[in-house]
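Me: Got a minute? I'd like a quick walk through this one.

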Amino acid sequence: MSRVKQVGLLAAGCQPWNKDVCAASGERFAYCATLAIYIYQLDQQYNEYKLRSIMSEHKKTITAISWCPDNPDLFASSSADNLLIIWNVAEQKAVARLDNTKGVPASVSWCWNLADGVAFVSQRGPLYIWVYGGPDPGVTVHKEAHSFLSDICLFRWHPTKKGKLVFGHTDGSLSVFQPGSKGQKHVLRPESLEGTDEEDPISALEWDILSTDYLLVSNLHNGIRLVDSEALVCITSFCFPSAAASVQCLAWVPSAPGMFITGDSQVGVLRVWNVSRSTPLDSFKLKKTGFHALHVLNSPLAKKAQSSCSPSKSQHTSSTSEAVPPPTLSQNRSFSLPPGHAVCCFMDGGVGLYDMGAKKWDFLRDLGHVETIFDCKFKPDDPNLLATASFDGTIKIWDTNTLTAVYTSPGNEGVVYSLSWAPGDLNCIAGATSRNGAFIWDVRKGKIITRFNEHGKNGIFCISWSHKDSKRIATCSGDGFCIIRTIDGKILHKYKHPAAVFGCDWSQNNKDMIATGCEDKNVRVYYLATSSDQPLKVFTGHLAKVFHVRWSPLREGILCSGSDDGTVRIWDYTQDACINVLSGHTAPVRGLLWNTEVPYLLISGSWDYTIRVWDTRDGTCLDTVYDHGADVYGLTCHQSRPFTMASCSRDSTVRLWSLAPLVAPLLLNILTEQPWDRINGSTDTAMVPGAPPLLCGKVSRDIKQELDKLSCDTRAKKLRWFSECFSGACEGNIRAPLSSTGSHTANDVDSRQQYQSLLLQVCKELAEWYFQDGCSVLAACCHLAVDNIKLAMSSHIRGNELELAACVGIVLGEAANQSTAYCLELLARKYMMTPTWELSADLVHMIPDSDMLLAKLCAYYPGSPAEINLFHKRCALPSLEECKSLAEAAMCEGDLLLAVKFHLLSSEPEKALWIGLDHVKEQLAGSDWTVDNVQPILDLMSYIRTDCLTMANLTEVRSELLILCGYIGGLQAIRRQYSSIVPALYEYTSQLLKRREVCVPLKIEQLSVELDAWRACTQINSNSPSECQREEFICVQRRIPPADSVLCGADYVTGSNLPSHSDVQLSCFTGHRIQGPVFLLEDGKSAISLNDALMWAKVNPFSPLGTGLRINPF
């Protein structure tokens, strides 16, 4: 399971370069950034579209996409490297590739007469048809569609007339082909172009689906026409209010025959038309920038309405004949748009979904990058603002709370490779470009205030604003120079290198020291306080060019470098030596980031699409993250939130990550009130190989200093401040609930109660929306805002934010005691492993009346008898031999639970199984048992040490324990509404019953009846239950009394909804692709979703593989 957690994603915008970069099918739509395709899917629960996946296999600009008309899971995409890919959206993978399209495809479209055929064309043809499946795969040429006299802009197959297609050319003409008729090339040019050589490219083409011959055509400058492709005549020319208006895109409105919409190319005006009149019915200005692409989706309600009264299709039918007569504007000034959603893509990269009926945006992603993002940096004085630099020529600033762009740099700078914030609150950013030098952008003024041109037209690969001396800026370039200048342009130093310089970084400890990375494979260190232009140190060892260099913020004289040789090297300036080589990346290394609190943590990003986290003490790779779909360039974190990281990539996304799981024991040390020397300390102590993590940075020092000043309430503030440091969220709401005071009249009380009821309902609905969107912490914040403590704690626990939940619960105090205890129990289970057993014990000690939990912990503790006795003593429990005697005494007194407990804690724990299983089987053989009668003793027995449970002579009792835990787990899953794992638990239990020799009062047939009854009575998509099924389910419900609300509801961890590019994992529960974090089972290949794993472990501690090993996904 990954220890780095994806918590946010900033999606790219839509590219403005090519025409067919927006497509839709059923409940999905897609658009293209330059190198990645973004796919949104309708969330039925909330009736809104959400980002589902990102496809980024293309290495060059994507030129077109097309959705398969017969299979909504398939679409095709082409790119400038002569590549065509068929994608399966459901499985999120490429299913076929054509590596040589014999030219760059300008347009792609599925063949309507071939289920697995895709047509594509480039420049002047010919039209190629690629059949990628079936008995006779290969590429063929269309018999007539070739030898054109003008380049092709786009083409469209007719959706119902088999084999008919039309091409639009740059000279403004059309070419029409259909089986059985002679092809018509370069016809229907606008009248104003006839007899001239002028070009007026076709900007949009759409067939009228109600006609075999009519189609809408738009030319960039000559407007829109409805033409008859059979008679080769123009039926209607549509007139714009202004001669300056031009159309970039158009789309029919499926829910309203005869109606279509257009998007102006200069300004974002959406116009509504009807084919029966030549002027627009209405127009709406949606954005300042012009449209690039449009696609209309049916609204879910509109689909149902249309299906019941769709017009009959015949050669005499068209949108003109079926058109609803439009209202005149004088009669209807407030024109009502037909139902439907328009996917709108704009020239500035903006992408939105516009609800035409309601005349509002469902969402609008404005200002998104459309190209590779090379760099990202947090604003020094605001951890919520992140700047990004892109190949698209802009720097953008994002609010990481709302995941929206709030500023963009003016103009286009070509390619921006690097950026650097000014120190403190100066609100300026320095940018480095490929050909236009460097610049300083004043964000508040919204303009470029300074330019630096010392490198001429050579690319500047890195820019670094000194944070020790705010007047100095360094740049390094392809001309071989690293130049240090003041912000007003005065050059202080020009350091000449033998080749291009790619990276530079100011020392964090010495304002006059800077390091560079060079194409000659060397790292250099320069000292600015001298007049020499020679480096103080030259470090050699890399086998290919050095790109970035980074000084350690916590260890003086230590720096790292990333190279095209795929390694990261750690250098000690004081020893003139390379002290470690980090190997693991399989491609050039680009991003580098030292953690500002834990001195040995280093993160690197590579062209192998991965992010790696390193322990630089011994060179161990602690985690590898595969979620980006292309080269990873930039990595950054903010000093005040050292465990929240941002990364940027060629896949055009910025992703946000939590590094807190890497150092989770630290937060537990804070939670369990360990001494300060187990929380923060010196760098030397933290750097001892194998030592537990310690905080050594400024944030932790500042927190300690502030706490030392306090005389009361120190624990609550300690937990609040450190929670902010580790998670950066919800801190402001971590407080004790408020009680209202004062006297009110009866009317006041009545009004306040109505208001309070409404507020609670709104907050509850908003919290659920956040939770289902993978934001459990924000969901908890919504509940805390109205002091709904129980649901707030439930959101944290169901989102597996256990450390944060425990901190919140302790601060909230008595009102959260029950939830806090459950959370601490789960945390104790999480740390029941070497070397954190003592931490687990400390957590259990924090729970009131924890005798039984301590017994479970000690029962599971592995080791020699002496080690076990020592751990018993630490937990205030008797020794092994004493437990044996106490177990026998309890049996004599008839106290079964106590006897099982002490047998488990003795040197003969297997006796606990024999006694306990007999009791459980006796209960299940009766008719009036409930889950609560048998679950406590089953749960206790499940803590038997693994080495004992898996002994050969315990095969039968082990099988019985697994079967009974599986069955009771299934009932508990029903009680807790863990719907996704109920079938898996029943199937698991049935398979064990089928394969193993056991004697338990369960029958496979009865399990099947119970499962069918549950499905019929609770699942939305099931048929109505029969009377027998209702009775059966009532019987099941009698055995499962209602659960506490904290325990109810499916788990959904942070990031579950975010697209990833990890290896495709199929759930061994469902056989479907896992969305969100994956949990690998003990065989190293079977996988389930982390959400399912968490729910499974809460109701059945044993692995789904039936091995007898406990599962620990927490």
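Me: Let's start somewhere specific. Is Asn 47 buried, partly exposed or exposed?

Reply: Asn 47 is partly exposed, with a relative accessible area of 45%. Keep in mind that this is a predicted model.

Me: Noted. Where does Asn 47 lie?

Reply: In the loop between strand E4 (37–43) and strand E5 (48–55).

Me: And what is the sign of its phi, positive or negative?

Reply: Positive. Phi of Asn 47 is near 55°, and Asn 47 is not a glycine. Most residues other than glycine have a negative phi.

Me: What about Leu 403, is phi positive or negative there?

Reply: Leu 403 has a positive phi too, about 60°, though it is not a glycine. Leu 403 lies in the loop between strand E32 (395–399) and strand E33 (404–408).

Me: Is Leu 403 buried or partly exposed?

Reply: Partly exposed. The relative accessible area of Leu 403 is 23%. The cut-off for buried is under 20%, so 23% does not count as buried.

Me: Switching to peptide bonds. Is the one from Gly 125 to Pro 126 cis or trans?

Reply: That bond is cis, with omega near 0°. Pro 126 sits in the loop between strand E11 (117–121) and strand E12 (128–131).

Me: And from Thr 834 to Pro 835, cis or trans?

Reply: Cis as well, with omega near 10°. Pro 835 is in a loop between two helices, H11 (817–830) and H12 (837–845). As background, most peptide bonds are trans.

Me: You mentioned E11. How many bridges join E10 to E11?

Reply: Four, and the two strands run antiparallel. A hairpin of six residues joins E10 to E11. Trp 110 has Val 118 in E11 as its bridge partner.

Me: Which residues of E10 are buried?

Reply: Strand E10 (residues 107–110) is covered on both faces. Ser 107 and Ser 109 are buried on one side, Val 108 and Trp 110 on the other. In a regular strand the side chains alternate between the two faces of the sheet.

Me: On to sheets. What is the strand order in the open one with E1?

Reply: The order is E1-E56-E55-E54, four strands with antiparallel pairing. Strand E1 (5–10) and strand E54 (632–638) are at the edges. Each has a single partner strand, so one side of each has no neighbour in the sheet.

Me: How much are neighbouring strands of this sheet turned against each other?

Reply: By 25° on average, direction ignored.

Me: And how many bridges pair E55 with E56?

Reply: Five bridges, between strand E55 (residues 641–649) and strand E56 (residues 654–658). The pairing is antiparallel. Thr 644, for one, has Ser 658 in E56 as its bridge partner.

Me: Last topic, helices. At what angle do H17 and H18 pack?

Reply: About 160°, with their axes 10 Å apart. H17 covers residues 910–925 and H18 covers residues 931–941. The angle makes H17 roughly antiparallel to H18.

Me: Is the crossing of H17 and H18 left-handed or right-handed?

Reply: Left-handed.

Me: Which residues make the contact?

Reply: From H17, the contact includes Ala 912, Leu 913, Gly 916 and Leu 917. H17 also brings His 919, Val 920 and Gln 923. H18 supplies Asn 933, Val 934, Ile 937, Leu 938 and Met 941.

Me: How does that contact split by class?

Reply: Eight residues are nonpolar, four are polar and none is charged.

Technical notes
Residues numbered from 1 in each chain as written. Predicted model: local features only at pLDDT ≥ 70, side-chain atom pairs only at ≥ 80, totals over all residues. Heavy atoms only, no water. Buried < 20%, exposed > 50% of the residue type's maximum accessible area, 1.4 Å probe, protein only. Pairing = 2+ DSSP bridges. Axes fitted to C-alpha atoms, helices over the stretch in contact; angles between N-to-C directions. Parallel < 35°, antiparallel > 145°, perpendicular 65-115°, else oblique. Left-handed = near helix turned anticlockwise from the far one by under 90°. Contact = heavy atoms within 4.5 Å. Nonpolar A, V, L, I, M, F, W, Y, C, P; charged D, E, K, R; others polar.
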